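Student: I should like to understand how the terms applied to this model are justified. Could we proceed from each value to its definition?

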Amino acid sequence: MSLLRADQDLTRDSYYAATAPREADLPALQEDLTADVAVVGGGLAGLSAAIELADRGFSVALLEARQIGWGASGRNGGQAIHGLACDQSEIESQLGLSEAQRIWNMSIEALDLIRARCRRFAIDCDWQDGYLGLAVNARKARELQAWHERIARVYGYPMQWIAPDELPRWIASPRFHSGLHDARSGHLHPLKYSLGLARAARSLGVRIFEHSAVTALEQAVAPGTSCTVRTARGSVRARQVLLAGNVYLQELAPQIAPSLNARIMPVGTYIVCSEPLDPARCDALIPSRSAVCDTNFVLDYFRPTADARLLYGGRVSYSTVTPTNLAAGMQQRMVGTFPQLDGTRIEYAWGGFVDISMNRAPDFGRLPARGAGGTAAAASNVYYLQGFSGHGLALTGLAGKLVAEAMAGDASRFDTFARLKHHSFPGGRLLRTPALVLGMAYYRLKDAL
């Protein structure tokens with residue numbers, strides 16, 4: 001099954017879609033427009049960039065192949081957490097401690113940015129403070145505590161350590177040994193947030209077009225000239241372009257940026273949501289109502305919803321094939337964490353694909369510029385954001401802000417991320433998926449042992 005077919009099937013039973021009704025679809029692009037910036041992709045990164053650019057006085061046209069928030073932005077686990085998907089050691093090894101500290105601080109800014117946008121644009125997205133990172137055994141607890149202490153000492157970001165004898169006050173589960181609590185991280189309803197950002201962008205004058213897949217990109221051939229982004233029925237001529245389609249860009253239009261395609265891989269992730277629980281019973285599971293992740297490489301993540309359900313995610317697929325008996329399998333994982341939920345009915349089961357990079361660090365940058373006749377040019381006005389690696393709910397918002405800063409003339413913060421080096425997945429398009437499946441089997445075994 002192709003990624004796009006699998007993705008279509010995975011959208012049909014989403015709790016988020018059922019609880020965040022969409023308004024009428026926005027129109028498709030059916031004319032030739034001119035704008036300062038063309039944004040490709042109507043997820044959190046593209047919407048955030050559009051808002052920031054409009055605030056700076058840019059005219060923006062945003063093109064979405066399907067609907068706003070269609071992909072990972074509207075279907076993820078809803079957890080907004082400090083840091084990146086990769087460990088800070090990856091950033092330190094590439095850029096040094098000072099720049100790693102700067103990136104960490106920007107990841108915390110990303111959390112504050114969500115709160116600020118919700119206040120400014122009156123976005124009701126069920127925001128809840130709090131995140132629990134939990135270890136499943138003593139060895140993993142030692143690793144987590146060492147990390148926690150170093151983050152406080154080196155990065156100036158203290159969190160609350162939870163010892164084994166204190167843990168039952170935080171979570172009613174026999175599965176975990178100890179952990180930490182971060183009050184600044186939190187969770188939300190991602191589709192409500194995405195749709196709220198789209199309304200905010202439109203209120204600032206951003207023109208948004210749905211069902212407008214990009215079919216071609218004609219890059220500028222000289223400094224100061226424009227690019228043209230084409231769809232089946234129209235085009236946008238713009239001085240600058242942002243590609244924010246992630247895995248969907250490489251699946252729907254691999255010809256647009258072929259140099260980026262091999263640097264990310266689509267990974268399927270899956271979520272279920274229980275029937276409504278008695279509110280007191282739901283609160284007893286996680287009294288702080290925090291989002292929760294374990295610290296395994298192939299991890300489980302879960303959280304209470306605003307309407308007293310338990311939303312539980314965990315299974316992944318590195319082959320784009322949806323696991324069989326998805327709801328039953330996920331229910332088994334949920335009951336393994338909370339045995340008291342045995343017999344609780346699953347009402348929703350869905351999933352989608354996230355874009356992971358080889359080192360799980362985000363991949364931001366500019367496409368190689370092309371001059372007349374296809375020769376290399378001095379600078380590019382086509383930017384891209386990808387590789388959020390399953391940790392993008394907050395970071396996508398920051399990424400949109402950074403790329404807007406760069407387009408407006410201050411690329412200092414954007415270029416901090418752009419200096420991170422990325423490698424292609426081995427094996428080419430045909431063999432890289434089997435290679436990744438084999439590699440992830442190793443990590444599953446490592447977690448189990």
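Student: What makes the contact of R333 and D300 a salt bridge?

Tutor: A salt bridge is a side-chain nitrogen of Lys or Arg within 4 Å of a carboxyl oxygen of Asp or Glu. The side chains of R333 and D300 meet at 2.6 Å, N to O, so the pair satisfies that definition. R333 lies in helix α12 (residues 326–337) and D300 in the loop between β12 and β13, so the pair ties together parts 33 residues apart in sequence. Helices (H or I, at least four residues) and strands (E, at least two) are DSSP runs, numbered from the N terminus. The model is predicted: local features need pLDDT of at least 70, side-chain atom pairs count only at pLDDT 80 or more, and totals for chains, interfaces and linings use all residues. Residues are numbered from 1 along each chain as its sequence is written, and side-chain values use heavy atoms, with hydrogens and water left out.

Student: Why is D300 called buried, and R333 partly exposed?

Tutor: Buried means under 20% relative accessible area, exposed over 50%, and partly exposed in between (1.4 Å probe, protein chains only). D300 has 3% and is therefore buried, whereas R333, with 30%, is partly exposed.

Student: How do you know that D300 also forms a salt bridge with R175?

Tutor: Their closest N and O atoms are 3.6 Å apart, and the definition therefore holds. D300 lies in the loop between β12 (291–294) and β13 (301–304) and R175 in the loop between β5 (160–162) and β6 (178–187), so this pair ties together parts 125 residues apart in sequence.
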